[in-house]
Amino acid sequence: MLGSPHGASTWITLAWSIGAIAILAPLATAQYRKVA
Amino acid sequence: MSLTTAPTLTPSKSNRSSLRWALSDVLTIARRNLLALVRIPTSLVFAVIQPVMFVLLFRYIFGGVIHIPGVDYVNFLIPGILVQTTIFGAVGTAIGLAEDLQRGLIERFRALPMARMAVLGGRTVADLARNVGVVIIITFVGMAVGFRPTGSFVSYIQACLLMLVFAYCISWGFAFVGLAAPNSETAQAMTFPLIFPLTFASSIFVNVPSMPAGCSPLPSTSPSRSAPRRCEGSCSAAPTVPPPG
């Protein structure tokens, strides 16, 4: 999959996903601790 | 009366068991959310009807005036609809958590001896499971309206998995929105400005170069522009669409 002509799109999506969860999961967890 | 000595756990065993306990809690909460979906099937039915309506709308009403060079529009559309549907599914995470918070359910969960991450983890895992079902249904609906992935089956599955991973990661952001909103109605309203650029102002329905300059606020490397194109790549043996942006 990663070596295909669309491998760049795959890497970009994976990089954004990892970046998103690295930022959003701690944010959501902190908000949960604050409200619960 | 006899005294028994409590078994002592080594730190590694203790960590392992607490991790297993946390995973078990996550799965329990996920099961609770999925059961709610099954017991109130109306929400599930409408979660499926909405993307089907988008498929029919863009395939038969707007599709005639949208031309994507080098590719059949339905093969361009369906991967985009799949990404849109999984992003819309993440809105359910925000609304569900806001509802749980409003009804005091999260406070009750908090009082239980369970892992703290279980509530959020369970909600996002349940929404991921729902997204898997919706992706399968939309794939079949797409095929019924002419969608024909000509790449390999394995490549298509990989592309769908990639979309699901992206949707799962995004759902944590919507979980934050749901917890920050005072009620479920506000949570729903708060999600729209977030999903709008990710869906309608991206390459989900049209090719971005056809838009006036600056109309898509997202960079060409954003996932809502790259994910559907990755999926589309699995739908055509030879990619002929110019890269968006």
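Which residues in helix 3 of chain B meet residues in helix 7 of chain B? The views below come from a predicted model, and the second one gives the full list.

**View 1. Helix 3 of chain B and helix 7 of chain B pack together.** Here you can follow residues 73-102 of chain B, which form helix 3, beside residues 184-199, which form helix 7. Their axes are 9 Å apart and make an angle of about 160°. Because of that angle, helix 3 of chain B is roughly antiparallel to helix 7 of chain B; angles over 145 degrees count as such. The crossing of these two helices is right-handed.

**View 2. Residues where helix 3 of chain B meets helix 7 of chain B.** From helix 3 come Q84(B), I87(B), F88(B), V91(B), A94(B), I95(B), A98(B), E99(B) and Q102(B). Helix 7 of chain B brings S184(B), A187(B), Q188(B), T191(B), I195(B), L198(B) and T199(B). Sorted by class, this contact holds nine nonpolar residues, six polar ones and one charged one.

**View 3. Helix 3 of chain B from start to finish.** Count along this helix and you will find 30 residues. From its first C-alpha to its last, helix 3 of chain B reaches 43 Å, close to the 44 Å expected at 1.5 Å a residue. Of its 30 residues, 27 are buried, so helix 3 of chain B is largely enclosed by the rest of the structure. After helix 3 of chain B, look for G104(B), which has a positive phi near 80°.

**View 4. Chain A, with its one helix.** Chain A has zero strands to go with that helix. Among the 36 residues of chain A, 28% are buried.

Terms used. Residues numbered from 1 in each chain as written. Chains lettered and ligands numbered in written order. Predicted model: local features only at pLDDT ≥ 70, side-chain atom pairs only at ≥ 80, totals over all residues. Helix = DSSP H or I, 4+ residues; strand = E, 2+ residues; numbered from the N terminus. Buried ≥ 20, exposed ≤ 12 C-beta atoms within 10 Å, placed from the backbone. Axes fitted to C-alpha atoms, helices over the stretch in contact; angles between N-to-C directions. Parallel < 35°, antiparallel > 145°, perpendicular 65-115°, else oblique. Left-handed = near helix turned anticlockwise from the far one by under 90°. Contact = placed C-beta atoms within 7 Å. Nonpolar A, V, L, I, M, F, W, Y, C, P; charged D, E, K, R; others polar. Expected span 1.5 Å × (residues − 1).
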